[in-house]
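Student: I have a structure open and would like to work through parts of it with you. Could we go step by step?

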Amino acid sequence: MAVLSLPSLPGPTHSSPNPTRHSIRSSRPYFTVKLTAASDNNRWSPAGDFLRQLSVSSVLLMGLGFSSVWGFSHPASARISPSVLPQETEDTKKLGKVENLEKFEDEDTELAFERWKSKSYALTVPLRVVALEGSLPPVWIREFLRSQGKRVRFRPEFRRSVKDIFHELSDPFTKGKINPKSAASADLVTLGDSWLNYAIGKGLVEPVIGAEEQDWFQELSDKWKVYLRRSTEGNLDSQGRIWALPYRWGSMVIAYNKKEFQKHKLAPVEDWSDLWRPELAGKISMVDSPREIVGAVLKYMGASYNTTNIDSQVVGGKNAVLQQLELLVQQVRLFDTQHYLKAFRAGDVWVAVGWSSDVLPVAKTMSNVSVMVPKSGASLWVDFWAIPATTRLVTDQMGGRVRGPSPLVQQWMEFCLQPERVLPFKEEVIPGASPISLKASVEQPQERTKGRPKLETNLVANLPPSEILSQCELLEPLSEDALSDYKWLVCSLQKPKPGIMNRLRFSLISLVPTFWSKLHSKAA
C-alpha cells in the first residue's frame, strides 16, 4: 500500500534524481507528495484504491487552499502576474544596474554640459551701451570684459552728441516703431544733465530698480544723492526715485590765448567779470546754451545758476540781469556750440567759453593756451547712465530690446563707480572726473604725459581746486518762475547785431526741450 508523506509547509523545491518524488508548485509555497510503492505481490483492493485517490485529492485541495490564502494576504501581489513574482530578486538586481547606468550617463551629460558652457558662444549675456563719443575711457571696456568673463557680449556704441542720443531715444515714442540699432533699444544710454529731467517727464527712461541698496549709490556723497532723487516729472524730490547714475562730470571753463594777451599786454582771465572787459569785445566765442549764458550773467552778479525767481533773489531783479545780458551779447562774437572752438583755434577770437569736455582736448593740441575755472565758481556738467523705457512700447517687431534691461546693468553701474575707475581721469586720458571725486579735489599738481604741450590751468587732474569747487553748482531743473524769467529776458533783448541775436534767441529756446514746450504753452 502507498504511504503518503506531507512535509512541513512551506517546503523548498528540491532537485532530485529520485523518480518517486514529484513536486507541485503554486505561486509561492511548495508541497511535496512522497509515494512509496509496495511490493508487486501486494495488489491494491478497490477500497484501498478509493482511499488512496481520496487522500491525494484532499492533499491537492489543501495545497491550493493555502496558496489562495497566502496570495490574498498581499493585495498588491494580486495585481502581479504569478509568473513575475518569483523573479523579484532578479528584477531588483536589474534595477540597481539601471540606476548605476543612469548615474554614469548623468555624469557624462554633466561633463558634456560643462564643455559646452566653456565655449565662447554659449550662454552669452548681452549688454548694449550707447555712450557719448569720448566720454568712456577705452580701458574701462577691456577691464569690464576681463572682470565678467567671456560669456559677456558687451557692445558699446558711440554718438557724436547727447542731442543725437536724445533724438534716437524719443523717436520710437512719437513714431510707435523702434529701430533695433537705435539708442532706444540699448540697455543704457548717456544723457546730459540738461536732458535728464525732460526724459524722465516724458517717460523716455525708467527708474533704476533697487538703486538705494546698491554699493555704488551708498558710496556717493550726499550732494549726489540729493541731486539724483527725482519726481516722475524730473524735478528734484527728496522722496523721489533714482533715475540715473552719474559716471563723469566736469565744469565750465574759460580758455584764452596767452600769446595774444601778452602781445596786447592784457591781464589774464580769472573770473566771469573778465568777459565784460572792453578790450575783449568781439574777441569771445561761447556755447549757445541758455543755461550757461544766463547763468554766467547770474554768477557775475553774485547770484546762483539755480535762481528760481530773479526779482526776489537778484539785486535789481530782471531789469538788472537784462542790462548785463545785453552787454555780454555785445562782447561775444560767436554763440555756436559746434564752431566756437574752431574760431578759437583759428585765432579769430582770443577767448573761448565752454564745457571742459570740449575745451581741454582742443587746448592740449595748441600752444600758449591757458584754461581756467572762474574763481567765483562755475556750473558743473554731468554725464549719466540712464535706462531707456523700451518695455513701454507695444510692438511685434523682431530684434531690438523688447525685454527688460540686461542683468548686467547693475554690474556695469557698480564697475563705473569703483575707485579703480578714477585713474583714467587723473591721468587725463579723457576730460572729466569720477563722481566719487566730487568730495575733494587733488591739491598737488601731477606730471603730465611726456610729449603733450604743457597746458597752463588751475585744474588739477581734471578737477577744480577745492576752494573753487566749493562754489561750483550742479544745474537743477528750471522752475516755473525761472522759465517765465528766461522767456522775458529773451523777448526783451535788443538786437544791435541781428544775425548774432537771432541765433542766440533760437538757441535759448530750441536747445532746451522743456523750455521750448513750456514757453509755447504759456504763450498760447
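Student: How many of the nine residues of helix α6 (residues 193-201) are buried?

Tutor: Please keep in mind that this is a predicted model. In helix α6, seven of the nine residues are buried, so the helix is largely enclosed by the rest of the structure.

Student: Which are the buried residues of α6?

Tutor: They are D193, W195, L196, N197, Y198, A199 and I200.

Student: And what is α6 followed by?

Tutor: Helix α6 is followed by G203, and the phi angle of G203 is positive, near 70°.

Student: Let me go to strand β6 (residues 188-192). Why is β6 described as largely enclosed?

Tutor: The reason is burial: five of the five residues of strand β6 are buried, so the rest of the structure largely encloses the strand.

Student: Which residues of β6 lie on one side, and which on the other?

Tutor: L188, T190 and G192 are on one side, while V189 and L191 are on the other. Both faces are covered, since each of these residues is buried.

Student: How many bridges join strand β4 (residues 125-132) to β6, and do the strands run parallel or antiparallel?

Tutor: Two bridges join β4 to β6, and these strands run parallel. Within this pairing, V130 stands opposite V189 of β6.

Student: What about β6 and strand β15 (residues 379-388): how many bridges, and parallel or antiparallel?

Tutor: Four bridges join β6 to β15, and the two run antiparallel. Here V189 stands opposite A386 in β15. V189 therefore has a facing residue in each neighbour: V130 and A386.Student: New topic, aromatic rings. What is the count of aromatic pairs?

Tutor: The count comes to 16 aromatic pairs. One of them joins F154 and W412, whose ring centres are 4.9 Å apart and whose planes meet at 45°, so the pair is tilted.

Student: Where do F154 and W412 lie?

Tutor: F154 lies in strand β5 (residues 152-159) and W412 in helix α15 (residues 409-416), so the pair ties together parts that are 258 residues apart in sequence.

Student: Are F154 and W412 buried or exposed?

Tutor: F154 is buried, and W412 is buried as well.

Student: What kind of aromatic pair do W276 and Y300 form?

Tutor: W276 and Y300 form a stacked pair, with 4.0 Å from centre to centre and 15° between the planes. This pair links distant parts of the chain, 24 residues apart: W276 is in the loop between α9 (258-263) and β11 (284-286), and Y300 is in helix α10 (residues 290-300).

Student: Is W276 buried or exposed?

Tutor: W276 has a relative accessible area of 12%, so it is buried. Y300, at 32% relative accessibility, counts as partly exposed.

Student: Which residues do ring pairs link into a cluster?

Tutor: The cluster consists of W140, F144, F154, Y247, W385, W412, F415 and F425. In addition, the charged end of R421 sits over the ring of F415, 3.9 Å from its centre.

Student: Over which ring does the charged end of K318 sit?

Tutor: The charged end of K318 sits over the ring of W488, 5.6 Å from the ring centre.

Student: Now to the helices. At what angle do the axes of α12 (residues 317-331) and α18 (residues 480-492) cross?

Tutor: The axes of α12 and α18 cross at roughly 50° and come within 10 Å. The two helices are therefore oblique to each other, and their crossing is right-handed.

Student: And at what angle do the axes of helix α4 (residues 138-148) and α15 cross?

Tutor: The axes of α4 and α15 cross at roughly 125° and come within 11 Å. These helices are therefore also oblique to each other, and α4 passes α15 in a right-handed crossing.

Student: Two single residues before I stop. Where does N306 lie?

Tutor: N306 lies in the loop between α10 and α11 (310-313). N306 has a relative accessible area of 15%, so it is buried. From C-alpha to C-alpha, N306 and L475 are 6.5 Å apart in space, although 169 residues separate them in sequence.

Student: In which helix is D358 found?

Tutor: D358 is found in helix α14 (residues 356-363). With a relative accessible area of 28%, D358 is partly exposed. The C-alpha atoms of D358 and Q338 are separated by 9.9 Å, and these residues are 20 apart along the chain.

Conventions
Residues are numbered from 1 along each chain as its sequence is written. This is a predicted model: local features need pLDDT of at least 70, side-chain atom pairs count only at pLDDT 80 or more; totals for chains, interfaces and linings use all residues. Side-chain values use heavy atoms; hydrogens and water are left out. Buried means under 20% relative accessible area, exposed over 50%, partly exposed in between (1.4 Å probe, protein chains only). Two strands pair if DSSP finds at least two bridges between them. Rings of Phe, Tyr and Trp (its six-membered ring) pair if their centres lie within 6.5 Å; planes under 30 degrees apart count as stacked, over 60 as edge-to-face and the rest as tilted. A charge sits over a ring if NZ of Lys or CZ of Arg is within 6 Å of the ring centre and within 35 degrees of the ring normal. Axes are lines fitted to C-alpha atoms, for helices over the stretch in contact, and angles run from 0 to 180 degrees between N-to-C directions. Angles under 35 degrees count as roughly parallel, over 145 as roughly antiparallel, 65 to 115 as roughly perpendicular and the rest as oblique. A crossing is left-handed if the near helix is turned anticlockwise from the far one by less than a right angle, and right-handed if clockwise.
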